Structures are given as C-alpha cells and as structure tokens.
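Hi,

Here is the structure I promised to pass on. Have a look at it first, and my notes follow underneath.

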Amino acid sequence: MSEFRIVHEYPHPPEKVWRALTEPALIPLWTSAGQGGRPVGFAPVVGTRFQFVAKPQPGWRGIVDCEVLEASEPSRLRYTWVGDEGGAATHVTYRLEPTAGGTRFTFEHTGFTGIGGFLVSKVLASVRKKMLGVALPALLDDLDDAGKLRPGSTLEPKS
C-alpha cells in the first residue's frame, strides 16, 4: 500500500481554512494549481456522493467519484476517491487543528495498491504539494475573516 501526507501551517483560523476547503465555489480556486477539479454535488455531509470534474487527460477521463465518509466542521473531512471508472477506492482525509498562530492542516491520501497505485500516489502527491503550498495560501490571503473574497481580489469564484 502507498500513501502520502502533507502538513502545512496557515496563519488563519480553522473556520476560514475549512471554508476554503469545503465551499464549492472556492475549491476550484486552489485546485487550479493541479487539473482544476471543480466539485459537482459536493457538501460536507456524510453520505454525499460527488465528483471532482476536470479536463480529461490521456489515460484519465477527468472525473473522480467520491463519497463523504466523515465530516466534523471545522476539524475533519474524510471521503473516498475513485479516479478510474470501476477502480478501487482510496481515502482522502483533511485534519485541521488550531495552533497559536492559526491552523495546522494535514492532508492524507491512503489506500493506493500495486505498482500503478504507487505511481499514481507519487503524481498526486506532487500536484497536492503545489495546491496546498502555493494555491491554497494565496486563496486564504484573499479571503476576509468571514471567508468571502476581499474586494479587488484577482481570484474569481467558480460555480
């Protein structure tokens, strides 16, 4: 089995980070550092089935099928991730912990199997590092304390 974990500290409260991670209009603003997956049908509610939809690539249809397994605002979100139609599910977990300076965010993606899974985990880890290390901090900096884009933001919400 392969897995990866990325931990970042953001100088923002957990509620603001949670909103950036779970608000459907805001998600594409940080996932755009990868394939720009936009959530379709997403809500941070256990049992919700949703998809991340992006531009298809050679060998990938551009859709990830997911189901929310656990949601505890503003501290934990866990969902399945099926990147290939009929493929085995892997699991994504977001953990947010308050710190003196803001929020410690841990992203885990587990359950990759075989050599193919190992390779996919390496590609996804590289993309997620950019999303969480560059794009998400930029979004957080452009959100006000209520989690809304600041006037004059160059980021455009997606719906």
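Before the first residue, one cut-off: a salt bridge here is a side-chain nitrogen of Lys or Arg within 4 Å of a carboxyl oxygen of Asp or Glu. Bear in mind too that this is a predicted model.

So, K16. This lysine sits in helix 1, which covers residues 14-22. K16 is buried and yet has no salt bridge. The nearest side chain of opposite charge belongs to D145, 4.3 Å away, and a salt bridge has to be within 4 Å, which means that this pair does not count. What K16 does have is a backbone oxygen: that of L140 lies 3.2 Å from a polar atom of the K16 side chain. Leaving out residues up to four places away in sequence, K16 touches L140, L143, D144, D145 and R150.

Helix 1 also holds W18. Is W18 buried or exposed? It counts as buried, because its relative accessibility is 4% and the limit for buried is under 20%. Again not counting residues up to four places away, the contacts of W18 are P44, S72, E73, P74, S75, R76, L77 and L96. As for D142, its C-alpha atom is 15 Å from that of W18, with the two positions 124 residues apart along the chain.

Next, the core. The largest nonpolar core has 35 residues, and W30, Y79, Y94 and L136 have the most contacts inside it. Helix 3 (residues 114-142) gives this core its largest share, eight residues. As a general point, nonpolar side chains in soluble globular proteins tend to be buried together.

Y79 is a good place to go from the core to the strands. Apart from neighbours within four places in sequence, Y79 is in contact with F50, F52, C66, E67, V68, L69, T90, H91, V92 and Y94. One of these, V68, is the bridge partner of Y79, which lies in strand 5. Strand 4 (residues 63-72) and strand 5 (residues 76-81) run antiparallel and are joined by four bridges. A hairpin of three residues connects strand 4 to strand 5.

On strand 3 (residues 49-53), the pairing with strand 4 is antiparallel as well, over five bridges. Here F50 has C66 of strand 4 as its bridge partner, and both F50 and C66 are among the contacts of Y79.

If you open one view, I'd start at K16 with D145 and L140, then move over to Y79 and its contacts.

Cheers

Definitions and conventions
Residues are numbered from 1 along each chain as its sequence is written. This is a predicted model: local features need pLDDT of at least 70, side-chain atom pairs count only at pLDDT 80 or more; totals for chains, interfaces and linings use all residues. Side-chain values use heavy atoms; hydrogens and water are left out. Helices (H or I, at least four residues) and strands (E, at least two) are DSSP runs, numbered from the N terminus. Buried means under 20% relative accessible area, exposed over 50%, partly exposed in between (1.4 Å probe, protein chains only). Lys and Arg count as positive and Asp and Glu as negative; His and the chain ends are not counted. A polar contact is a pair of N or O atoms within 3.5 Å; within protein, one must be able to donate a hydrogen and the other to accept it, and residues adjacent in sequence count only if both atoms are side-chain atoms. Contact means heavy atoms within 4.5 Å. A nonpolar core is a set of buried Ala, Val, Leu, Ile, Met, Phe, Trp, Tyr and Cys residues joined through side-chain atoms within 4.5 Å. Two strands pair if DSSP finds at least two bridges between them.
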